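The exercises below ask you to read burial, packing and strand pairing from a set of coordinates. Work through each task with the structure open before you turn to its solution.

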Amino acid sequence: MDSTRRVGKYRVEREVLDEQRLEEVTQRKTYSDTHPSLSERLKDSLRCTAPKLKQSVMSSLPVLYWLPKYSIWDYGMPDLISGISVGIMHLPQGLAYALLASVPPVFGLYSSLYPALIYLFFGTSRHISIGTFTVLSIMVGSVTERLAPDSAFLITNGTNVTAEVDITARDSYRVQVAAATTVLGGLIQVVLGLVKFGFVETYLSEPLVRAYTTAAAAHAVVAQLKHIFGVSPTRFSGPFSLVYILKDVCMLLPHTHLPTLLVSAVSMVFLISAKELNSFLSPKLPVPIPVELITIVAGTFISSYTHLNSNYTISVVGEIPNGLSYPSVPDASLFGEVIGDAFALAMVGYAISISLGKTFALKHGYNVDSNQELVALGLSNAVGGFFQCFSVCASMSRSLIQETTGGKTQMAAVASALILLVTILKLGPLFQELPTAVLAAIVFVNLKGMFKQYADIGTLWKHSKIDLVVWLVTWVSTLLLNLDLGLAASIIFALMTVIFRTQLPTYSVLGNVPGTELYVDMETHREAREIPGVTIFRSSATVYFANADLYLEALKEKSGLDISKMIIYKKRQEAKQRRRERRAERRAKRQAKKERRAQRAAKQLSGAPVVSVEEEAGRWGATQEQGWPERENGTVFVIPITPQTPDGPCRWEYLKGGEPDSTSLGWMSELQDGDTTTLGSSSEDTLSHDLERVSLGSLGKWTWDIHSIIIDLSTANFIDTVAIKTMKNIFQDFSEIDVDVYMAGCQPTLVEQLELGDFFCESVTKRHLFASVHDAVLYCLNHRGAASFPRYEPSVDTYSATKL
């Protein structure tokens, strides 16, 4: 069907495209063409060719792609400088974050060494620095202290229990717990990466991650209070553990160890001042000043020469063994107890790493494979777990240093590893006198960036209230429910907000923008014009089981047609009509008896024969070419008004019915007055019509004001079986009141889902689906609009023009 309009000397033409015609024009592929069978896909995946094998190997080992192209002259010196700078940061952070993980400091150095080398071979990001990170260290610490509390390692002597703790046994078991958790978390990441589950990080929105890390920073602060004040609070685990620990610390404040507090305060003042100076001079410095390393060296030197541990009982790091640890298989019996924590570590670590990787990749113009990143991070953790490492991921501070100091590739990790290796093999014992208060101060000061994230509250209040609620719920749940349960509760709540927003979308009625083929919301656009007789309905979200009923209700409200009331009223009117017909039939039978008695009386008076009404009516109908119009809700009765003669039958009078345009109620004259009798069939119909007009009109819109409804499904990307049933009901219900329903803007996948859901039938075909809203409008106006309304032609200025 074409919509034609003359514009100057050109005839502007446009074919109205429904779904069936669109498939014919575009020769759309069938479902089997676009969706190969499972056997075909399996056969294709198992087919091995040389290019396919090369691509698989290169994607699994990205180092084989960039290492042969590595230029020492172009990249060697920048990577060396960057690696040394990052390696210097690894030392203090590895020692300090080991305290957060509740394991000996040397295992923080191991965690900075092995995983970074594994990532060198499998990672796709060129700038992130893999190693210890605050949030993951806190999460590991919550697991180790829950499964290996101090109370389980008290030294006993017969029946007496001393207050001393077997630190060696406790730390050894905590290392096993941390290693088992790390290996399990790494295996989870590898499996998710192999099954192409890299998109899972999209479920961790930026407000959720920032709120989670902010709350984790609060956990880190509380965990370091015992080292800063020199007290020994009771360790709690599970929900509300943060509140209990903070309460216990506050109760122990009168017993603060003043020398330890002094060391902490001096270290924090020095770190804060040096970092501010570093930020001020950073534009003029080629590399940042290693403030943390200077603090550790100075703290170790002062502690060694003043004997802080022996003279003032200030806690120090203690023995740091020389050499590397031998690989060992983690205790698999612990997997069942730490699987929930391992999954949380896997998700949080991956979300942080991939967000940093994509940021640097976008800045420097290369791609990061999310699935390969998941595999690379998983292998880094899984292999590292065999060397007693705890969970690692990319660090924001070290990654920024690696990028700003000119790092080009992951070869910078080799330089960092060399510094760590020398420290572990030769320099480790030099840090045995380092006060733990200094490490706690480093952790405390490094959390400053996370504390700044509280400014997100004001920003989100201006931009998105829902994201603000997600931020606050994540922060509160992480604080109160601990890191593992808090993460689960946060993700569930964030997904609920998405469901809530799709369940309660914005529904609108569209109008045409004069001069265009655009259709916009009439409530928000003043220039939009309503199409006479056509209601165009659109939802801002897809239709599925959660909002299908609300979609139907919104359509009724926006169209002004309460289908349920109309159908109920229609059924009531039909029932009334049937009752009227039965009453009319009974009255007719009574009247027939009266008429037969009247005929006998008339015979006696006029000598006319008395015949059966049914017999004479049948004979009369057989001999006449034309009969009277029979009404569908009554019985025809006749009465002789002239005697029968030998030349022909007598004349009969039609007693019931009347002209179709009769507007009076039924009436009946007295027989003796000589008037004919009408039993009011047409008046019953007229009365019913008048009642229907009043009742339907009272619903807010005259039924004949709308002849077509167009459902715009351009925002829908899928449709489920519940929504398909709802659409069927919409078509069926509106057809009951003679309103046509059409759908427009359906995506090809949506049409396929409609076909699979047996949506189409004899009454609803693909002729009811249109490529665009404008096509549907043109069809409605050409199909039904001209019959009841003045012809309306939306603008066709943008149609393709063909010269006459």
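**Exercise 1.** Determine which residues of helix H17 (residues 396–404) are buried, and which elements they pack against.

*Solution.* Begin with accessibility: in H17, the buried residues are Arg-398, Ser-399, Ile-401, Gln-402 and Glu-403, where buried means under 20% relative accessible area, exposed over 50%, and partly exposed in between (1.4 Å probe, protein chains only). Helices (H or I, at least four residues) and strands (E, at least two) are taken from DSSP runs and numbered from the N terminus. Next, look for the partners: these buried residues pack against helix H6 (72–100), strand E3 (130–131), helix H15 (335–364), strand E6 (393–394) and helix H18 (412–427), with contact meaning heavy atoms within 4.5 Å. Finally, look past the helix, where H17 is followed by Gly-406, whose phi is positive, near 100°.

Before going on, note that this is a predicted model, in which local features need pLDDT of at least 70 and side-chain atom pairs count only at pLDDT 80 or more, while totals for chains, interfaces and linings use all residues. Residues are numbered from 1 along each chain as its sequence is written, and side-chain values use heavy atoms, with hydrogens and water left out.

**Exercise 2.** Describe the surroundings of Ile-352, a residue of helix H15.

*Solution.* Ile-352 has a relative accessible area of 9% and is therefore buried. Leaving aside residues up to four places away in sequence, Ile-352 touches Phe-133, Cys-393 and Ala-394. Then compare sequence with space: Arg-210 is 142 residues from Ile-352 along the chain, yet their C-alpha atoms are 9.8 Å apart.

**Exercise 3.** How do helix H9 (residues 167–194) and helix H16 (residues 370–386) pack, and what kinds of residue form their contact?

*Solution.* First take the geometry: the axes of H9 and H16 are 7 Å apart and make an angle of about 155°, the axes being lines fitted to C-alpha atoms over the stretch in contact and the angles running from 0 to 180 degrees between N-to-C directions. H9 is therefore roughly antiparallel to H16, because angles over 145 degrees count as roughly antiparallel, under 35 as roughly parallel, 65 to 115 as roughly perpendicular and the rest as oblique. Among the residues that make the contact are Val-183, Gly-186 and Val-190 of H9, together with Leu-374, Gly-378 and Ala-382 of H16. Sorting the contact residues by type gives 12 nonpolar, 8 polar and no charged; Ala, Val, Leu, Ile, Met, Phe, Trp, Tyr, Cys and Pro count as nonpolar, Asp, Glu, Lys and Arg as charged, and the others, Gly among them, as polar.

**Exercise 4.** Place strand E9 (residues 534–539) by its burial and its partners.

*Solution.* Strand E9 is mostly covered, since 5 of its 6 residues are buried. On pairing, which requires at least two DSSP bridges between two strands, E9 runs antiparallel to strand E7 (residues 507–512), to which 4 bridges join it, and Ser-539 is the bridge partner of Tyr-507. With strand E12 (residues 708–712), E9 pairs in the parallel sense over 5 bridges, and here Thr-535 stands opposite Ile-709.

**Exercise 5.** Is Asp-758 buried or exposed, and where is it found?

*Solution.* Asp-758 is found in the loop between helix H28 (748–756) and strand E14 (769–770). Its phi is positive, about 55°, although Asp-758 is not a glycine. With a relative accessible area of 57%, Asp-758 is exposed.
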